[in-house]
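Colleague: Please show me the model, and let us discuss how its helices pack and where its nonpolar residues gather.

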Amino acid sequence: MKLVFAGTPEVAVPALDALLASGRHEVAAVVTRPDAPAGRGRRLVASPVAERAEEAGIEVLKPVRPKDPDFLERLRKIAPDCCPVVAYGALLPRVALDIPAHGWVNLHFSLLPAWRGAAPVQHAIMAGDEITGASTFLIEEGLDSGPVYGTVTEEIRPTDTSGDLLTRLAFAGAGLLAATMDGIADGTLKAVPQPAEGVSLAPKVNVEDARVDWRAPALRVDRVVRGCTPAPGAWTTFRGERLKIVQARPVPERTDLTPAQLSAGKNNVYAGTGSYAVELLWVQPQGKKPMRGADWARGVRIAAGETLGD
């Protein structure tokens, strides 16, 4: 098939690479979000998908909105058979969805209908799921509600951050997306409607969602820290300034601390929760680089009974 690939962040690059390497399909163009300011100088930088496409000599389309007439006209001229999508980052209007003969097929990082939305990996970890995966489905105008072509499963490991898990799913999902394109081209793969039961939503995780509630049980604190790493980053406050919790570890044997209470030793620092303590392995004080929790504790000289948060 002739394909137009839509994607923006680094997590979409493995899927683009898989399609380029498959040898069965022509990636005629890439659709990605416009260049965005980045770094201290806030200079405009192309997306990772745009950079990879330019390396491969593929036409790159960067519409401000997918409903822009110039973009739609160019898409019609390319006349793709199918448009595979991975984390493109913009809603596709009906007029765009109708252009390719086989529609737009999205690689979504959950086992649909679970975790429909922008942050499925983060929500799966924060909810304590043990298994997740990736799905390919035909995009409709509803939120991740279209019929599913295929899935792969992936275990959520006890220490996985959302970054760890998303990296594994990006590569596993890349193979799934390539296989889905093959099946559509061969006419051997049919999309199956999602079940009405088991629907859950995964909206974008904002900064306030990532604030640690020390009254919650230790396992919940651990899941929030892992689910919000690397972005937006779990955080609390200490002496009125923001403190990011980069890595923590539940410690069931420490039941002597009240919620948010700190206890520092020579080589470690603990914080109380609603159940037992967590060890603060890595933290990042406001305006500074990440550091070991024990080093931070020595530097600030925690007083007896001192706490995190309000």
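Colleague: How are H1 and H2 oriented to each other: roughly parallel or roughly antiparallel?

Modeller: This is a predicted model, in which local features need pLDDT of at least 70, side-chain atom pairs count only at pLDDT 80 or more, and totals for chains, interfaces and linings use all residues. Residues are numbered from 1 along each chain as its sequence is written, and side-chain values use heavy atoms, leaving out hydrogens and water. Helices H1 (residues 13-22) and H2 (residues 48-55), both DSSP runs (H or I, at least four residues), pack at an angle of about 25°, with axes 9 Å apart. Angles under 35 degrees count as roughly parallel, and H1 and H2 are therefore roughly parallel.

Colleague: Which residues of H2 make the contact?

Modeller: Contact means heavy atoms within 4.5 Å. From H1 come Val13, Leu16, Asp17 and Leu20. Their partners in H2 are Pro48, Val49, Arg52 and Ala53.

Colleague: Which element supplies the largest share of the largest nonpolar core?

Modeller: Such a core is a set of buried (under 20% relative accessible area, 1.4 Å probe, protein chains only) Ala, Val, Leu, Ile, Met, Phe, Trp, Tyr and Cys residues joined through side-chain atoms within 4.5 Å. This one has 36 residues, and Phe5, Leu19, Val86, Phe109, Leu177 and Met181 touch the most other members. Among the elements that each supply at least two residues are H1, H2 and helix H6 (162-186). The largest share, nine residues, comes from H6.

How values were computed
Axes are lines fitted to C-alpha atoms, for helices over the stretch in contact, and angles run from 0 to 180 degrees between N-to-C directions. Angles under 35 degrees count as roughly parallel, over 145 as roughly antiparallel, 65 to 115 as roughly perpendicular and the rest as oblique. Buried means under 20% relative accessible area, exposed over 50%, partly exposed in between (1.4 Å probe, protein chains only).
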